[in-house]
Amino acid sequence: MPSNSSTFVAGLTAAALATVGFLAFQASASAPADLDVRGSGGAPAKKAPGDRRTPAALPADSGTGRRVVYSLDADRVWLVGPNDVVTRTFKVAPGSVDPRPGSYVVTSRSGAVTGTDGTPVEHVVRFTTVQDTTIGFSAALDGSMPEPDPTMKTGGIRETVADGAAMWTFATIGRGVVVVR
């Protein structure tokens with residue numbers, strides 16, 4: 001039977017997660033309606049200069065500590081462990097709606113669901129919402145990583161099944177996610 005202190009800690013953890021989720025919702029609700037939608041008719045975003053010799057190198061100014069780093073321009077993810085050591089990096093296929101560059105935390109996870117495009121996905125790790133579209137990482141069970149349909153708002157950032165399993169293990173609730181250009 002759990003002790004009173006473990007019940008208290010569980011209650012505090014639940015309250016903290018609810019607060020983070022609420023604040024993330026408030027932040028996304030105050031964003032402009034035309035924010036970060038691919039193909040929205042705005043001028044194309046300029047790509048940030050990267051290290052052309054080592055394109056898989058962790059981007060500068062991508063935070064500190066254990067975190068997931070997601071580059072919008074490189075369509076790449078880095079899982080960063082202690083002392084800024086990259087434990088894994090891989091290419092991803094973005095959805096049609098991008099998150100804004102900035103710092104987030106993992107707010108929810110699902111073992112298996114159907115994506116907004118109708119594809120069964122697993123290891124879903126969500127970290128924000130943009131224009132009522134939930135943004136997160138997932139792996140399609142059929143291994144597909146399709147180009148996003150610009151006529152449909154999708155926030156799923158697709159990864160391979162193996163990369164999805166690594167993300168699932170690494171990106172638990174509350175883990176930091178840093179989005180960079």
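Me: Which residue in β7 stands opposite Thr-129?

Reply: In this predicted model, the residue that Thr-129 faces in β7 is Thr-134. The strands β6 and β7 run antiparallel and are joined by seven bridges.

Me: What makes β6 and β7 count as paired strands?

Reply: Pairing requires at least two bridges between the strands, and β6 and β7 are joined by seven, so the two are paired.

Me: Why are β5 and β8 called edge strands?

Reply: The open sheet consists of four strands in the order β5-β6-β7-β8, with mixed pairing. Both β5 (108-114) and β8 (156-159) pair on one side only, and they are accordingly the edge strands. From one strand to the next, the twist averages 30°. Helix α2 (residues 161-170) packs on this sheet, where it touches β5, β6, β7 and β8, and its direction makes about 55° with that of β6.

Me: How many aromatic pairs does a search of the whole structure find?

Reply: The search of the whole structure finds three aromatic pairs. One of them is formed by Tyr-70 and Phe-137, which lie 5.8 Å centre to centre with 85° between the planes.

Me: Why is the pair of Tyr-70 and Phe-137 called edge-to-face?

Reply: Ring centres must lie within 6.5 Å for a pair, and planes over 60 degrees apart count as edge-to-face; with 5.8 Å between the centres and 85° between the planes, Tyr-70 and Phe-137 meet both conditions, so the pair is edge-to-face. This pair links distant parts of the chain, since Tyr-70 belongs to strand β1 (residues 67-71) and Phe-137 to strand β7 (residues 133-140), 67 residues apart.

Me: How do you know that Tyr-70 counts as buried?

Reply: Buried means under 20% relative accessible area, and Tyr-70 has a relative accessibility of 0%, so Tyr-70 counts as buried. Phe-137, also at 0% relative accessibility, counts as buried too.

Me: What makes the pair of Tyr-104 and Phe-127 edge-to-face?

Reply: The ring centres of Tyr-104 and Phe-127 are 5.5 Å apart and their planes stand at 65°, so the pair is edge-to-face, given the cut-off of over 60 degrees. Tyr-104, in strand β4 (residues 102-105), and Phe-127, in strand β6 (residues 120-130), are 23 residues apart.

Me: Why is Tyr-104 called buried?

Reply: The relative accessible area of Tyr-104 is 19%, and because buried means under 20%, Tyr-104 is buried. Phe-127 counts as buried at 1% relative accessibility. Tyr-70, Tyr-104, Phe-127 and Phe-137 form one aromatic cluster.

Note on methods. Residues numbered from 1 in each chain as written. Predicted model: local features only at pLDDT ≥ 70, side-chain atom pairs only at ≥ 80, totals over all residues. Heavy atoms only, no water. Phe/Tyr/Trp six-rings, centres within 6.5 Å; stacked < 30°, edge-to-face > 60°. Helix = DSSP H or I, 4+ residues; strand = E, 2+ residues; numbered from the N terminus. Buried < 20%, exposed > 50% of the residue type's maximum accessible area, 1.4 Å probe, protein only. Axes fitted to C-alpha atoms, helices over the stretch in contact; angles between N-to-C directions. Contact = heavy atoms within 4.5 Å.
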